[in-house]
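New to this one? Take a minute with the sequence and the fold, and then use the notes underneath as a guide.

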Amino acid sequence: MPVITCIDDLKQIYQRRVPRMFYDYAETGSWTEQTFRENTSDFDQIRLRQRVAVDMQGRSTATKMIGQDVSMPVALAPVGLTGMQHADGEIKAARAAEKFGVPFTLSTMSICSIEDVAANTTKPFWFQLYVMRDEEFVGNLIQRAKDAKCSAMVLTLDLQILGQRHKDLKNGLSAPPKLTPSTIANLMTKWSWGLEMMSTKRRFFGNIVGHAKGVKNAASLSDWTAEQFDPRLDWDKVKKLKEQWGGPLILKGILDAEDARMALDVGADAIVVSNHGGRQLDGALSSIRALSSIVDAVGDQIEVHLDSGIRSGQDVLKAMAMGAKGTYIGRAFVYGLGAMGQKGVTSALEVIHKELDTTMALCGRKHVEDLDRDILLIPKDFEGNWQ
Ligand code: GLV
């Protein structure tokens with residue numbers, strides 16, 4: 001068993017173990033990948049104030065996200081095709097999350113279905129919804145999430161059409177992978193992934209195949225989104241979906257203060273400041289740079305969360321200190337999952353927890369709820385001089 005001391009250790013094992021097509025899917029942004037890169041490099045620009053001679057005993061990273069107890073403010077983000085990164089991936093990640101005491105969010109575009117994850121876990125998870133043209137199918141998805149006792153719905157607002165990711169097109173991304181000479185050549189070097197994948201029946205988009213009518217090509221994410229995702233999604237529709245769901249609602253993909261105010265008006269419980277991990281609008285601001293203007297606009301009236309760019313506990317601390325009440329990791333847990341299944345996700349959570357706890361202590365704070373801008377050193381023009 002290798003010694004894992006940071007998220008990058010998991011990433012290196014992940015890269016060796018998982019077929020190129022799925023590694024590339026996770027490790028990509030849209031077009032030039034500027035936003036994808038800046039999501040992480042902007043975190044690096046923020047420095048920390050070292051404080052000393054503060055009693056460090058009795059520290060805690062525990063808090064609440066949308067009123068639910070969490071052992072640290074780090075949820076697992078919805079990630080499409082998670083069950084292609086490791087056999088039964090969504091079930092394994094959900095189990096690691098529930099043992100650790102953090103929320104797991106199941107993507108609409110998951111491999112394991114809502115029912116399958118519910119049957120193989122003991123605590124409620126969150127369900128992420130993509131809105132499709134077929135209203136009956138969307139209604140059924142919402143009902144299925146209710147029946148599975150999901151404790152929040154995360155509605156994604158920034159993907160009515162799919163941002164172009166060059167690698168996915170070049171690789172012919174699909175679930176399961178199509179067997180072309182180049183995928184076969186690559187799969188032959190990934191035998192442990194392949195053996196585990198052959199031993200599970202969960203190899204298709206589990207929430208879709210067998211549930212959606214008239215599906216032409218449910219194996220290809222890009223074909224499916226182009227054919228099925230609803231380009232008409234607007235705030236009225238968001239209101240209707242909120243009523244249909246009737247439970248806690250989190251709106252994901254907010255990057256602008258005006259949209260944050262709209263989210264507040266429709267009565268959402270939380271928003272996620274997110275640019276979809278740099279996978280949608282290339283050239284958009286990084287989430288950490290956009291955070292303050294949104295917290296200033298609505299932070300005292302709605303819970304503001306952040307995703308995109310979190311790869312360490314220090315990143316979590318920075319986002320919390322800038323006003324977020326919770327964060328999400330996507331790639332950071334996928335690296336762990338692809339590297340070692342459930343154990344790898346646990347390992348990713350342990351790494352992040354330790355980094356968060358130690359950094360908090362060395363900044364002279366004992367509780368995540370006490371983190372504020374006073375512990376940060378932020379470059380003067382960080383939030384920009386944009387016109
Ligand atoms: C879907 O959520 C994607 O970003 O690929």
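What follows is a quick tour of one helix pair and of the empty spaces in the protein.

Keep in mind that this is a predicted model. The tour starts with helices α7 and α12, which pack with their axes 10 Å apart. After that come the largest pocket, with a volume of about 450 Å³, and two cavities of 30 Å³ or more.

**Helices α7 and α12**

- Helix α7 covers residues 135-147 and helix α12 covers residues 235-245, and the two pack at an angle of about 40°.
- That angle makes α7 oblique to α12.
- If you're wondering about handedness, the crossing of α7 and α12 is right-handed.
- On the α7 side, the contact is made by Glu135, Val138, Gly139, Ile142, Ala145 and Lys146.
- On the α12 side, look for Lys237, Leu241, Gln244 and Trp245.
- Sorted by class, the residues of this contact between α7 and α12 are five nonpolar, two polar and three charged.

**The largest pocket**

- The largest pocket has a volume of about 450 Å³.
- It is lined by 22 residues, and those closest to its centre are Leu157, Asp158, Leu159, Gly253 and Leu281.
- Helix α12 turns up again here: α12 and β8 (249-254) are the elements that give two or more residues to the lining of the largest pocket.
- The lining of the largest pocket is made up of 11 nonpolar, seven polar and four charged residues.

**The largest cavity**

- About 430 Å³ of space lies in the largest cavity.
- Who sits closest to its centre? Out of 32 lining residues, that's Pro78, Val79, Lys252, His276 and Arg279.
- At least two residues of this lining come from each of α2 (20-26), α11 (221-228), β11 (326-329) and α16 (331-362).
- By class, the lining of the largest cavity has 15 nonpolar, 11 polar and six charged residues.

**The second largest cavity**

- The second largest cavity holds about 30 Å³ of space.
- Its lining consists of Tyr130, Val131, Thr156, Leu159, Gln160, Asp230 and Leu233.
- Leu159 is worth finding on the model, as a residue that lines the second largest cavity and is also among those closest to the centre of the largest pocket.
- The lining of the second largest cavity divides into four nonpolar residues, two polar and one charged.

Conventions. Residues numbered from 1 in each chain as written. Predicted model: local features only at pLDDT ≥ 70, side-chain atom pairs only at ≥ 80, totals over all residues. Heavy atoms only, no water. Axes fitted to C-alpha atoms, helices over the stretch in contact; angles between N-to-C directions. Helix = DSSP H or I, 4+ residues; strand = E, 2+ residues; numbered from the N terminus. Parallel < 35°, antiparallel > 145°, perpendicular 65-115°, else oblique. Left-handed = near helix turned anticlockwise from the far one by under 90°. Contact = heavy atoms within 4.5 Å. Nonpolar A, V, L, I, M, F, W, Y, C, P; charged D, E, K, R; others polar. 1 Å grid on protein atoms, 1.4 Å probe; cavity = no way out; pocket = protein on both sides within 12 Å on 5 of 7 lines; lining within 4 Å. Points joined across faces, edges and corners; volume = space filled by probe spheres on them.
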